[in-house]
Structure formats: structure tokens, C-alpha cells
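Here is a structure to read together, one feature at a time. The learner asks, and the teacher answers.

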Amino acid sequence: MKLLFTKVLVFISLSLVPSISVGSGRAVVPDRDPVTYISPFQEENLNCFKCHGQEKYEYTNELLGTQVKAIMCLEHIIKSEDFYASNHRSFSCTDCHSEDYSIFPHSGELRMELKYTCLDCHGGDDTFSSFSFEGIDADYRESVHFKLENDGFSCWKCHDPHTYRISIRESKNLKETILYNNNICLHCHSDYSRFHLLTDRDEVNLMKTHDWLPDQASHFRSIRCIECHTRINDSILVAHQVLSKDQAVKLCNECHSRNSMLMVSLYKFHSKEQRRDGFLNGIILNESYVIGANRNSYLGNASMLIFGIVILMILIHIIFRIKRNKLKEG
Amino acid sequence: MYLYPVWLRLWHALNAVLIIILIITGISMQYTDKEDSIFIVSFASAVKLHNITAIVLTISYIFFVVMNIATGNGKYYRLKRKNFFSDLVKQMRYYAYGMFKGEKHPFPVSMERKFNPLQKITYVLTMYVGLPLIIISGLGLMFPEITVKKAFGVSGFILTDILHITTGFFLSLFLVVHIYTCTLGARPTSLFRGMLSGYHEPEED
Ligand code: HEM
């Protein structure tokens, strides 16, 4: 029964996704559930995960014939459960990396291996037109990070090749999505070894540079960094043009107002009809309540009505009092 | 009749100023728009001002409660079950009808009875229901980590906010009605002068 229910749900949700088709021999919508997903390359990838899957790895020293244990550095560890929950979970490691990596020690030449870019695979592919990769690429080229390309910046720096998964597009839990998104930025902006890999600038203390924002912790839990730091582009879901700091949003009204910019960014995918003025839907379905933006038109109208009636009663009372005074005088 | 001791007048003046600031900043927060319009207070300063004023109000409210217990002014606020509704109706009938016909005040002010039944119930509701509610819900908004996380599947923050805004609305309504009913003394300005001097001017007729 439960299985049937799940199937019906899956069917319904699939029929709502407009872009199901088969691209490059793979189903574009693979099994969404990372727990039940089984990769065709499960076994093959194990050859890499046995070393890259945790902090410790082993190999045989062929000269001495001994078993050596060593520590895998943090940057080279890939958790298999994260990989199989990522967008590219249906890949084998060697789809993107050279087959020669199956040999250890890895040859020095492999370091010079050319990496794919997103556009190499996604550029001009209709299957992914809903993501508008070209638009994103164009915006990224205008962003503050682009000038760091020669120092090693690329899309991969925000979209970890092994763990990146789409979030906001399918978000059921906005807070989780926000956390996931902000961690992307904080990966560098709160870790100075990574930050300094790309720039010679001094450390920036984010707490200090954002101290004008009251209740920072609560704000950072409810909005993404990109809300304030990017230029909104209507044709793509996630704005990618990160602007310099002096162009960042600082005015509270941008969010705390009836036509809050959050409606076209963070809440874009939460159906517009829902929020138009709907009391029940707008308020109950959203975990966030933005003072000034979630104006409830029913309560608003009701209070105006009550206020009006009271003022009217007072006016009538005043008229009667004036009449009475005239009578008394006259 | 000396009805309003100095502490009460000072409290009342402070309270009135605070409540008016809170209403203005509260409304400007709720109705901010991209272009700052009718309300001069910008969102950032509205938030700051609202928070500071609210803290002062909380202290002044505690002062009010303590002094009411300590000085005995609290006795005027004690509701009596006997004839509760019939007395209310009598007072309402007077305001709606009797006073225009030149009838006598059904509950003339005396040292034992500062408030008529209608005044008493609105003051009690305002001071002992409205203010506690708005203070507690306000603290909940100021420290979101102490608010109930979820109730009936709705974020506790939202419920707290709705409670806060609704109470704020009723207090604003009270203020308007309060100021108006304060013109219903011997002369329209009598009660206001009473609140300044401390002495209640007796009805002329
Ligand atoms: C500009 C605003 C205000 C004016 C002009 C005003 C005026 C007055 C006047 C003339 C009185 C004396 C008449 C009477 O006892 O009924 C009074 C009493 C009182 N007012 Fe106000 N008021 C204002 C705001 C407020 C506010 C905001 C509150 C509470 C939230 C409030 C609560 C009270 C209470 C509790 C009393 C009775 C005090 C006592 O004698 O124990 N007033 N007010």
C-alpha cells in the first residue's frame, strides 16, 4: 500500500517536471532519492572510494612488500553518500577523471589533467534549457569572482564537483536550502586558507562587515548571501552576478516591504499565487515571515473596517453633543 | 477631588508618549515600502526606536503595577461581579441616550469610585490583558530563540507576530476611544486638566 502510494506520488511529481527526456543516454531525472539510488558504477567507484572515501587509506609498498597506512588530506576526501546524493551521482569517477587514476601512486602528469567545465557538457543542451546554463555563464562572467579565474576560480569552486546538488528548485525546506546555499559562500568567506589561495587581500570579518544588520544570525538563517550580493536576473532562477560590496543591498525596505525583492528571488519558486495575498497559504506554507512583506490583507481590511466604524460612531456622538449644546444655549 | 497622585500623572504622561511612539514605529514597520512615504521613520530606525521604547514601556508598566498595589490605587480597578452587566448597560445607555436628554450621571465620580463601569472594564482590559499580551509577545519577537517553534504546523514566530499586531491594533483603538471619552467630562477639557493638575473637576449639573 505504502509502495503504491509512493509510486503514485512519484508519478505525479514526474508528470509535473516539464523536462523529462533522455539526454546523452542517461535519464535526466535519475532516482531522486539518494538513499535508494543505486549507481551503475557502484563497484567501479569503490576502487576510488576505498582511498578517497575517508581520512585513512592503505597501499602496498611494492619494494618492501609492506602494507602502508596513511592520512588522506581533507581536500581529497569525498564522502560516498554525498556523491550519490549529488547531481552527478550517475557518473563514474573516471567519466571526469583520467582512467590512469586507477593506478597508485597517481602519475605526476595527471596533475596537469584538463578539467571539464560545466558548459563543456551542458552548453547548448536543450535537456537543460530550464537551467539556462548560458545565461548563468554570462552573468558569472560579470561577477566579482570572474577576475580570479587565472588564480583558479571556476564554477566548480561554488559547485563542488562531487557534492553539488540542486536545492532551491526543489526545496521543501527553505531553511535547509538557505543553509546549504550560504555554506557555499562561507566555504571561502569564513575559511581564510581557501580565501587566500585566490587573493592577497586581508581577512574580512563577515560578522563585522554585516554588523549594521540587526539579529544577524536570524537573518543569515532566513536569507541567502546572494539575496543581497547579486543582481537579479529574471530569466534564471538563481542569480549569479555577484556584485562588488558597494553595490550590495543595504536598505531594509528592499525586503521589508510589500513588493519585497524576495518575491522574485528567494520565494520565486514558492508559487506566486500562493503569496499574492492569501492568508492561509501565504502564511502557513512559508516558514519565513518577513515583517512588512507578509502583509495580511484580510486582517488589514478588517482592522480598517473596525477603525472606520469606531471613528464614525465618535463623529455621530460629537454631532449629537453639538446639537444638544445648541439646544441648551437656545 | 484629588484623584490623580503625582506618580500616576508622571507614569501616565510617560506611558502615553511611549505608546504613541510605539504605534507610529510599529505601523511604519508593518507598512514600509520601497519609497519612504507618509511615515518619516525609516525601517532601520523604526526597528531600533521601537525596541528601545518597548523596553522603557515594560519597565514603566512594572512600575504601574507595583504602584497600584503599593498605593491602593489598584482598588479602583477591582471588578465586581454584582450587577456587572446591568451597570455596563446603564453607563452605555447614558452615553448613547441619557446624556443628550440631560439625565444625571448614573455613576458620579467620588473618592470611592474613580471610574464608571465602562471606564473600569476598558482600563482593566487594557492594563491587565492588553499590555501584558503585547509585552510578552514583543519579547518573543525580540528573542526569537525563546518562542515556541511550531504550533499546529505554523511557525510560532508568525503566531506570536499576529498576536502582537492584533493586540497593538486593539491598543490603538483604545487610545482613540480613550482620548474621545476623556472629552466627556464637565467640559470637554475638564478631564485633561484633571490629569495635569491631579484634581477632578466636578460635574456642573
Ligand atoms: C495622548 C494620549 C492620552 C491622553 C490625552 C489621556 C488622557 C487621560 C485622562 C484625561 C485621564 C483621566 C480621566 C480618567 O480617569 O478616565 C486618563 C486616565 C487614564 N489613562 Fe489615559 N490618556 C492618554 C493615553 C493613555 C494610554 C496610551 C493609556 C494606556 C495604554 C492610558 C491609560 C489610562 C489609564 C489606565 C487611566 C486611569 C488612571 C488612573 O486614574 O488610575 N492613557 N487618561
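What follows is a dialogue on a predicted model.

Q: Where do I start? How many helices and strands are there in chain A, and how many in chain B?

A: Start with the element count, then look at the order. The secondary structure of chain A comes to 15 helices and six strands. Chain B has six helices and two strands, and from its N terminus the order is α-α-α-α-β-β-α-α.

Q: What share of the residues of each chain counts as buried?

A: Buried here means under 20% relative accessible area. In chain A, 30% of the 330 residues count as buried. In chain B, the figure is 42% of 205 residues.

Q: And the surface itself: how much of the accessible area belongs to carbon and sulfur atoms?

A: Take the total first, then the share. Chain A has an accessible surface of about 22100 Å², with 61% belonging to carbon and sulfur atoms. For chain B the surface is about 11600 Å², and carbon and sulfur atoms hold 72% of that.

Q: How do I read contacts along the sequence? What part comes from residues 24 or more positions apart?

A: Look at contacts with a separation of 6 or more, and ask what share comes from pairs 24 or more positions apart. That share is 54% in chain A and 65% in chain B.

Q: How far apart in space are F320(A) and L64(A)?

A: Put sequence and space side by side for a pair like this. F320(A) and L64(A) are 256 residues apart in sequence, and their C-alpha atoms are 110 Å apart. You'll find F320(A) in helix α15 of chain A, residues 297–329. Its relative accessible area is 43%, so F320(A) is partly exposed.

Q: On to patches. Which residues make the nonpolar one on chain B?

A: For a patch, list the members, then see which element supplies them. L125(B), Y128(B), V129(B), L133(B) and L163(B) make a nonpolar surface patch of about 390 Å². Helix α4 of chain B, residues 117–142, gives the most, with four residues. One residue in that helix is L125(B), which counts as partly exposed because its relative accessibility is 46%.

Q: Which residues gather in the patch of negative charge?

A: Same routine, with charge in place of nonpolar side chains. E44(A), E99(A), D100(A) and E109(A) gather in a negative patch on the surface. E44(A) sits in helix α2 of chain A, residues 42–52, and is partly exposed at 38% relative accessible area.

Q: How many salt bridges are there over all chains, and what should I ask about each one?

A: The count is eight over all chains. For each, check the N to O distance, then where the partners sit. Try R93(B) and E103(B), whose side chains meet at 2.7 Å, N to O. R93(B) is in helix α3 of chain B (residues 84–96) and E103(B) is in the loop between α3 and α4, so the pair ties together parts 10 residues apart in sequence. R93(B) is partly exposed at 40%, and E103(B) is partly exposed at 35%.

Q: Where do E201(B) and R187(B) sit?

A: Their side chains form a salt bridge at 3.8 Å, N to O. E201(B) is in the segment after α6 (190–197) of chain B, while R187(B) is in the loop between α5 (156–181) and α6, 14 residues apart. E201(B) is partly exposed at 22% relative accessibility, and R187(B) is partly exposed at 42%.

Q: Which residues are joined into one network by salt bridges that share partners?

A: Look for shared partners: E75(A), D191(A) and R194(A) are joined that way. Within this group, R194(A) and D191(A) meet at 2.8 Å, N to O.

Notes
Residues are numbered from 1 along each chain as its sequence is written. Chains are lettered from A and ligands numbered from 1 in the order in which they are written. This is a predicted model: local features need pLDDT of at least 70, side-chain atom pairs count only at pLDDT 80 or more; totals for chains, interfaces and linings use all residues. Side-chain values use heavy atoms; hydrogens and water are left out. Patches are made of residues with over 30% relative accessible area and no salt bridge: like charges are joined within 9 Å, nonpolar side chains (Val, Leu, Ile, Met, Phe, Trp, Tyr) within 5 Å. Accessible areas come from the Shrake-Rupley method with a 1.4 Å probe; for residues, only the protein chains shown count as cover. A salt bridge is a side-chain nitrogen of Lys or Arg within 4 Å of a carboxyl oxygen of Asp or Glu. Lys and Arg count as positive and Asp and Glu as negative; His and the chain ends are not counted. The place of a charge is taken as NZ of Lys, CZ of Arg, CG of Asp or CD of Glu. Buried means under 20% relative accessible area, exposed over 50%, partly exposed in between (1.4 Å probe, protein chains only). Contact means heavy atoms within 4.5 Å.
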